[in-house]
Amino acid sequence: MAKKKNQSKVKAETEAVSEESPRAFDFANKYLVFAVIAVLCIVVYGQTFGFEFVSLDDDSYVFENAGVAQGLSFAGIKWAITAFHSANWHPLTWISHQFDVSLFGLEAGGHHAVNVLFHIANSLLVFALLRCLTGAFWRSAFVAALFAVH
C-alpha cells in the first residue's frame with residue numbers, strides 16, 4: 001500500500017512539471033522574456049558603444065578626475081571611500097568608474113557597454129520583482145520592457 005502511494009506521488013510530481021504545466025510554461029517564457037528585454041536594451045542603447053563622453057558630468061566623474069583616471073588600485077579605493085568629489089560621496093560609483101578605466105582606459109565605448117549591461121541587469125530585476133510581487137507574468141514583462149527602453 002505504501003509503495004503504491006509513493007508511486008502515485010512520484011507520478012503526480014512528474015506530471016506537475018510536464019510540458020503542459022504552468023511551471024514549465026513560466027520557466028520557458030521567463031527565459032524568452034529575459035532574452036527579449038536584453039535584446040531591447042542592446043537595440044536601443046547599443047548605439048552608445050560608439051559615442052564619446054559627454055561634458056555634462058563625465059569630465060568631473062571620469063576623464064578629468066585624477067582619482068578615477070588612475071584606474072582601480074588600493075590608493076584609488078581609499079580615495080573613493082574618503083572623497084567628497086563633485087559634491088557627492090558615492091564610493092561604489094567611483095570604484096566602478098575606476099574598474100572601467102582599468103579595463104578600457106579612457107575609451108568611452110567600454111564604459112557605455114558596462115552601463116548597458118547594468119541596465120539589462122536592472123531591467124531583468126524589475127521583471128523578476130514585479131512577477132514576484134504581483135504574480136502577473138505578462139504584465140510584469142510588459143512593464144519591465146517599458147523600463148528597459150525608457
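**View 1. Ala-87 and Ser-86, two loop residues with positive phi.** Ala-87 is exposed, since its relative accessible area is 77% (buried means under 20%, exposed over 50%, and partly exposed in between, with a 1.4 Å probe and protein chains only). What you're looking at is a predicted model, in which local features need pLDDT of at least 70 and side-chain atom pairs count only at pLDDT 80 or more, while totals for chains, interfaces and linings use all residues. Residues are numbered from 1 along each chain as its sequence is written, and side-chain values use heavy atoms, with hydrogens and water left out. Ala-87 sits in the loop between helix 5 and helix 6, and its phi is near 60 degrees. Ser-86 is found in that loop too, with phi near 55 degrees. Most residues other than glycine have a negative phi. Ser-86 counts as partly exposed because its relative accessibility is 28%.

**View 2. Asp-57 and Tyr-61, with partners further along the chain.** Asp-57 lies in the loop between helix 2 (22-45) and helix 3 (58-63) (helices are DSSP runs of H or I with at least four residues, strands are runs of E with at least two, and both are numbered from the N terminus). Its C-alpha atom is 8.9 Å from that of Ser-86, though the two are 29 residues apart along the chain. Asp-57 is partly exposed, at 35% relative accessibility. Tyr-61 belongs to helix 3, and it is buried, with a relative accessible area of 15%. From Tyr-61 to His-85 the C-alpha distance is 8.4 Å, with their positions 24 residues apart in sequence.

**View 3. An aromatic cluster that takes in Phe-137 and Trp-138.** Ring pairs tie together Tyr-31, Phe-34, Phe-127, Phe-137 and Trp-138. Rings of Phe, Tyr and Trp (its six-membered ring) pair if their centres lie within 6.5 Å; planes under 30 degrees apart are stacked, over 60 edge-to-face, and the rest tilted. The whole structure has eight aromatic pairs. Phe-137 and Trp-138 make an edge-to-face one, because their ring planes stand at 80 degrees, with the centres 4.8 Å apart. Buried or exposed: how does Phe-137 count? Phe-137 is buried, at 7% relative accessibility, while Trp-138 is partly exposed, at 46%.

**View 4. The largest pocket.** This pocket holds about 170 Å³ of space. A pocket here is an open set of points on a 1 Å grid over the protein atoms alone, where a 1.4 Å probe fits, with protein on both sides within 12 Å along at least five of seven lines; lining residues have an atom within 4 Å of a point. The points are joined across faces, edges and corners, and the volume is the space filled by probe spheres set on them. Which residues line the largest pocket? They are Tyr-45, Thr-48, Phe-51, His-112, Asn-115, Val-116 and His-119. Helix 7 (residues 108-134) gives the most to this lining, with four residues.

**View 5. A nonpolar patch on the surface.** Leu-72, Phe-99, Leu-103 and Phe-104 make this patch, which covers about 350 Å². Leu-72 lies in the loop between helix 4 (66-69) and helix 5 (74-82). With a relative accessibility of 35%, Leu-72 counts as partly exposed. Zooming back out, the protein has eight helices and zero strands, and 29% of its 150 residues count as buried.

Notes: Patch = residues over 30% accessible without salt bridge, like charges linked within 9 Å, V, L, I, M, F, W, Y side chains within 5 Å. Areas by Shrake-Rupley, 256 points an atom, 1.4 Å probe, with all protein chains shown as cover. Salt bridge = Lys/Arg side-chain N within 4 Å of Asp/Glu carboxyl O.
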